[in-house]
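These are my notebook entries on a single protein chain. I looked up its ring pairs, its charge-over-ring placements and its strand pairing, in that order.

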Amino acid sequence: MTKGGMESVEVFTSEGKGRGLKAQKEFLPGDVIFAEPAYAAVVFDSLTHVICHTCFKRQEKLHRCGQCKFAFYCDRTCQRAAWLNHKNECSAIKRHGKAPSENIRLAARIMWKIEREGSGLAEGCLVSIDDLQNHVDSFDEEEKKELRVDVENFLEFWPPQSQQFGVQFISHIFGVISCNGFTLSDQRGLQAVGVGIFPNLCQANHDCWPNCTVIFNNGKIELRALSKISPGDELTVSYVDFLNVSEERRKQLKKQYYFDCTCEHCKKQIKDDLMLAVKEGESKPSAETVKEVIQFSKDTLEKINKARMEGLYHEVVKMCRECLKKQEPVLGDTNIYLLRIFSIASEVLSYLQMFEEAADYAKRMVDGYMKIYHPNNAQLGMALMRAGVTHWHAGLIEAGHGLICKAYGILLITHGPSHPITKDLEVMRVQTEMELRMFQQNEFMYYKMREAALKNQKIQVMPEPSNEPSPTLFHKKE
């Protein structure tokens, strides 16, 4: 079997969930079940000039399309590879006078592909574009209004000489994009940069505690096994972050994907007790106190978001410290409101180069995460990596190396050894191992050499805290 071929999965009718995917053979953690190129994909409106429109890599210098002046590419190779999909778009942008929004551009790319190949089963696809769910019937008034605007804008952009489609079919395509648009991330997997349609991936149903994960790697999405999967098992992915109580996750899934989650973790409210934990023992707080502290936490998180948007990072740190003073005597160490503050505080303090305090919060954050998340969760792996780097910056080499090793073990499964972020992590793991040996042999010399090295090299400053959430699985308008 070819690695990542479609022979190893089949579409079946899943009880109460419509279509689903199931395994045809055994998979072990880290195995690639299949790799799928996008049926169609576009770069987000805000990043069209900094991301390559073919491979979605972030580059310093990009070549601009000389015709439409809108599309950008790494080099001639990427530009040539894009021409089949860009040719119609290029002349339509010139005719229209400007490029339309990402949704319109994606719908147009899908339609041009249908015009070229028909709307039947495309090569390597388990289902056709016609058969993908659109959920248009479930749209509320606001969503229906947005859909009408999108259809109008699409018709304005669509060239008269191209194949003409009916309003109903155009609405179907926008519905498909709305509930099946998959987020594409840059080469390091840290920022969402575009949206694409992957018909095979769309068939995988949701589970809050899934047996698979999805990663964008080298121009394709990979469906990777997180745990041992037997032939006949359903393949599931999580559409939302697990770090929310079951009731909140179910609300989010209903609002964004129009279904009621009936997974084991939601039905039995597994781990909700940990996420809402309060201090135990003699000084157990009253229900009233807990309620007050959680409300205070929610209010503070809103204020923090506002301050972050304005770049007021010292203000953010101050609010985090005040909030923690109220939370720590009352909330348990796995409480999600406490963990959210730890996460923000460690990220912002690292950016401000206050590494020791940042490392303390990062450690407590990942200790909580490890009790809540699936052991092979990609977000847990990324959090451990950030915590490891923060500890290294704080000069806590032993703890830093330990966290980086843990992160590496998870990312080998979730991202695979060839993913750029796993390769970066491998370099860090080797470097911290070397430093740790030196530290164990002669602590004084280690700090002397470290000081000299940091003076000579510009310290690797942590990136500015992003107001963007880390890439989620499907691209949804909030």
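The entries below follow the order in which I looked things up.

**Entry 1: basis**

I note at the outset that the model is predicted.

**Entry 2: aromatic pairs**

I began with the rings. A pair of aromatic rings is described by the distance of the centres and the angle of the planes, so I recorded both for the pairs I examined. The structure holds 16 aromatic pairs.

I looked up Trp209 and Phe242 and found an edge-to-face pair, with 5.1 Å from centre to centre and 70° between the planes. The two residues are 33 residues apart, and their pair links distant parts of the chain. Trp209 belongs to the loop between β9 (205-206) and β10 (212-217). Phe242 belongs to the loop between β12 (234-237) and α5 (246-257).

Is each partner buried or exposed? I found Trp209 at 24% relative accessibility, so it counts as partly exposed. Phe242 has 4% relative accessibility and therefore counts as buried.

I then turned to Tyr313 and Tyr351. Their ring centres are 5.3 Å apart and their planes stand at 75°, so this pair is edge-to-face. I noted that it, too, links distant parts of the chain: Tyr313 is in helix α9 (residues 313-327), Tyr351 is in helix α10 (residues 336-351), and 38 residues separate them. Tyr313 counts as buried because its relative accessibility is 8%. Tyr351 has a relative accessible area of 25% and so is partly exposed.

Which residues do ring pairs link into a cluster? I listed Trp112, Phe154, Phe157, Trp158, Phe165, Phe169 and Phe174.

**Entry 3: charges over rings**

I next searched for charged ends placed over rings. The charged end of Lys22 sits over the ring of Phe12, at 5.1 Å from its centre. I also found Lys326 over the face of Phe296, 4.9 Å from the ring centre.

**Entry 4: the sheet with β4, β8 and β7**

I moved on to the strands. One open sheet has 3 strands in the order β4-β8-β7, and the pairing is antiparallel. Its edge strands are β4 (40-43) and β7 (182-185), each of which pairs on one side only. I recorded an average twist of 30° from one strand to the next.

How many bridges join β4 to β8? I found 4 between β4 and strand β8 (residues 192-197), and the two run antiparallel. Within this part of the sheet, Val42 stands opposite Val195 in β8.

I also looked up what lies across these strands. Helix α2 (residues 102-117) lies across β4 and β8, and it runs at about 155° to β4.

**Entry 5: the sheet with β3, β11 and β10**

A further open sheet is formed by 3 strands in the order β3-β11-β10, with antiparallel pairing. The edges are β3 (32-37) and β10; each has a single partner strand, so one side of each is left without a neighbour in the sheet. The twist here averages 20° from one strand to the next.

I found 5 bridges in the antiparallel pairing of β3 and β11. The bridge partner of Phe34 in β11 is Leu223. Helix α13 (residues 397-414) packs on the sheet, where it touches β10 and β11; its direction makes about 115° with that of β11.

I then examined Arg224, which is found in strand β11 (residues 220-225). Arg224 has 4% relative accessibility and therefore counts as buried. What lies 2.9 Å from a polar atom of the side chain of Arg224? I found the backbone oxygen of Ile413 at that distance.

**Entry 6: strand β12 and its partners**

My last search concerned β12. Glu234 and Thr236 point one way from β12, while Leu235 and Val237 point the other way. I noted that all of these residues are buried.

Strand β2 (residues 18-23) pairs with β12 in the antiparallel sense over 2 bridges. Leu21 stands opposite Leu235 in β12.

Does β9 run parallel or antiparallel to β12? I found that β9 and β12 run parallel and are joined by 2 bridges. In β12, Thr236 is the bridge partner of Asn205.

How values were computed:
Residues are numbered from 1 along each chain as its sequence is written. This is a predicted model: local features need pLDDT of at least 70, side-chain atom pairs count only at pLDDT 80 or more; totals for chains, interfaces and linings use all residues. Side-chain values use heavy atoms; hydrogens and water are left out. Rings of Phe, Tyr and Trp (its six-membered ring) pair if their centres lie within 6.5 Å; planes under 30 degrees apart count as stacked, over 60 as edge-to-face and the rest as tilted. Buried means under 20% relative accessible area, exposed over 50%, partly exposed in between (1.4 Å probe, protein chains only). A charge sits over a ring if NZ of Lys or CZ of Arg is within 6 Å of the ring centre and within 35 degrees of the ring normal. A polar contact is a pair of N or O atoms within 3.5 Å; within protein, one must be able to donate a hydrogen and the other to accept it, and residues adjacent in sequence count only if both atoms are side-chain atoms. Two strands pair if DSSP finds at least two bridges between them. Axes are lines fitted to C-alpha atoms, for helices over the stretch in contact, and angles run from 0 to 180 degrees between N-to-C directions. Contact means heavy atoms within 4.5 Å.
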